[in-house]
Amino acid sequence: MPSPSSIKVYYKYSVSSIMQFKEIKNEGLDRHFKVTIPAKDIDSKVNKELASIAKTARLDGFRVGKAPAATIDKKYGPSVRADVVSHDVRHAIGDIIKKNNLDIAGSPAIEDLKSEAGKDVEFVLQLELMPEITMPDFKKIKITKPVLDIAEKDIEKQLERIAEMQSSFAEVKKAKAADGDMVVIDFVGSIDGVEFAGGAGKGHELVLGSKSFIPGFEEQLIGAKAGDEIIVKVPFPESYHAKDLAGKNSEFKVTLHAVKRPGKTEINDDVAKKIGFKDLAELKERVVSSMQDSTAENIHTVMKMKLFDQLESSLTFEAPKNMFEREYNGLKAQSDKFAEADETMKDKTAEELDKYYRRVAMRRVKVGLMLSAYVKNNKLKIETDDIKAAILKEARNFPGQENAVIEYYSTNKQAVESLTGPVLEEKAVKAIFASEVSITEKKYSVEALQKFLDEEADADVI
């Protein structure tokens, strides 16, 4: 099956005028054509190519360029004919798409290909078109935006945490490591018994609960004491920036040398200046903005899901089957892989799961097509700062390894290109929030907002 890119390449060539095609199906997004390429056209090109080969062919028993035509045909004829047929089929597909001005979804499919020597080449070309996207009535959509209402006690709690971080750590003999303690460790990481680059360290100071290491690592050190040797088993996240490690189960041999605990520090102007602020008031301002920033992404995600909820029933255009199947299969494979760890999926029957996957896949395809059309209609473009922001967002998902993630994207053009789709989708969503739909704010305390976000996170992910 030729790819869309190969079809575009062949647009620049002249296409045989004697190729014939007839539309045999026009239903919904499906277009099928019966295509015929005359045998004499194929034979002419094959004979021309064989004649060219004959001039320089080196065959045993014959001088260069003197082998009989029958011998040349026997040795090279089948492969040359296959190349010519493949070439002309691609020409025909490109010509049909171009002449009919078709906007196709996915790759063309070829069925019932007949390609016998001396006979016309015949096949059925199956195409699926992109649907005509109609924009929903955004003015009917109403979204509630959660807003964090920060009280003085919330600020004080954060200042206490900063005080703990500014406290000097002192070793506590025979103490068992607890959350918030600093442990001094040596570690060596391996996968299937083989050590991997960047997976070892000596005398490393790690604050438990800082989430500096991959998820699950720090928790397994809680309860250990100086002198203990611990085997930490953790999987690398599927989205880990180093693709050779992503999703793989690892094992770390850890030796714990010391447990340290922080003393008490009072937060005042002097401490604020020590950590880079003008005074305590400026530090408090930063605390407030940090608390707001820490929930902004989750709030945006919830709002986006609420938007998609309301869009789902209003997007009535037909979705291309090949796009739906690709999304469905990818979603099912991903969900099956993590089914045991997903509490929302455990109680569903196989039939319920399949129905859920199909609904989610259809929704994703339709919303994705609508957002893509919105981007095009509103001439939204990706700026350099958009890509930089997307890379920094990815880096923040791996605390302590931000520089490695940034380096990965700076040297991997394909990885950067993979960000363009999500970046454009986000630009479209933000533009819709900014100027299309009605948004009402609702205040939440820190505790209430966290509870609300947790409940939304536990709901079925769509």
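Which residues of α4 are buried? Keep that question in mind while selecting residues 152-166, the range of α4, in what is a predicted model.

**First stop: helix α4.** The helix has 15 residues, and from its first C-alpha to its last it reaches 21 Å, which is close to the 21 Å expected at 1.5 Å a residue. Colour Asp154, Ile155, Leu159, Ile162 and Ala163, for these are the buried residues of α4. An α-helix has 3.6 residues a turn, so residues three or four places apart point the same way. Now add α6 and α13 to the view, since what covers the buried residues of α4 includes these two helices.

**Second stop: the second largest pocket.** With α4 (152-166), α6 (280-312) and α13 (446-458) still selected, turn to the second largest pocket, to whose lining each of these helices supplies at least two residues. The volume of this pocket is about 1,700 Å³. To find its centre, select Gln158, Arg161, Gly209, Ser210 and Lys211, which are the closest to that centre of the 45 residues in the lining. Colouring the lining by class will show 21 nonpolar, 12 polar and 12 charged residues.

**Third stop: Asp88.** Move next to helix α3, residues 69-99, where Asp88 has its place. Is Asp88 buried or exposed? Its relative accessible area is 5%, and because this is under the 20% cut-off, Asp88 counts as buried. Show the side chain of His87 as well, for a polar contact of 3.2 Å joins it to the side chain of Asp88. Beyond the neighbours within four places in sequence, the residues in contact with Asp88 are Ile37, Asp41, Ile42 and Lys45.

**Fourth stop: Ser107.** Continue to the loop between α3 and β3 (109-114), in which Ser107 is placed. Ser107 is partly exposed, with a relative accessible area of 36%. A distance drawn from its C-alpha atom to that of His91, a residue 16 places away along the chain, should read 15 Å.

**Last stop: Leu315.** Finish in the loop between α6 and α7 (321-337), where Leu315 is found. Although it belongs to a loop, Leu315 is counted as buried, at 3% relative accessibility. Select Pro136, Lys366, Val367 and Met370 to display its contacts, leaving aside neighbours within four places in sequence. For a view across the model, add Gly263, which is 52 residues from Leu315 in sequence and, C-alpha to C-alpha, 59 Å from Leu315 in space.

Technical notes
Residues are numbered from 1 along each chain as its sequence is written. This is a predicted model: local features need pLDDT of at least 70, side-chain atom pairs count only at pLDDT 80 or more; totals for chains, interfaces and linings use all residues. Side-chain values use heavy atoms; hydrogens and water are left out. On a 1 Å grid over the protein atoms alone, a cavity is a set of points where a 1.4 Å probe fits but cannot get out, and a pocket is an open set with protein on both sides within 12 Å along at least five of seven lines; lining residues have an atom within 4 Å of a point. Grid points are joined across faces, edges and corners, and a volume is the space filled by probe spheres set on the points. Helices (H or I, at least four residues) and strands (E, at least two) are DSSP runs, numbered from the N terminus. Ala, Val, Leu, Ile, Met, Phe, Trp, Tyr, Cys and Pro count as nonpolar, Asp, Glu, Lys and Arg as charged, and the others, Gly among them, as polar. Buried means under 20% relative accessible area, exposed over 50%, partly exposed in between (1.4 Å probe, protein chains only). A polar contact is a pair of N or O atoms within 3.5 Å; within protein, one must be able to donate a hydrogen and the other to accept it, and residues adjacent in sequence count only if both atoms are side-chain atoms. Contact means heavy atoms within 4.5 Å. The expected span of a helix is 1.5 Å times one less than its number of residues.
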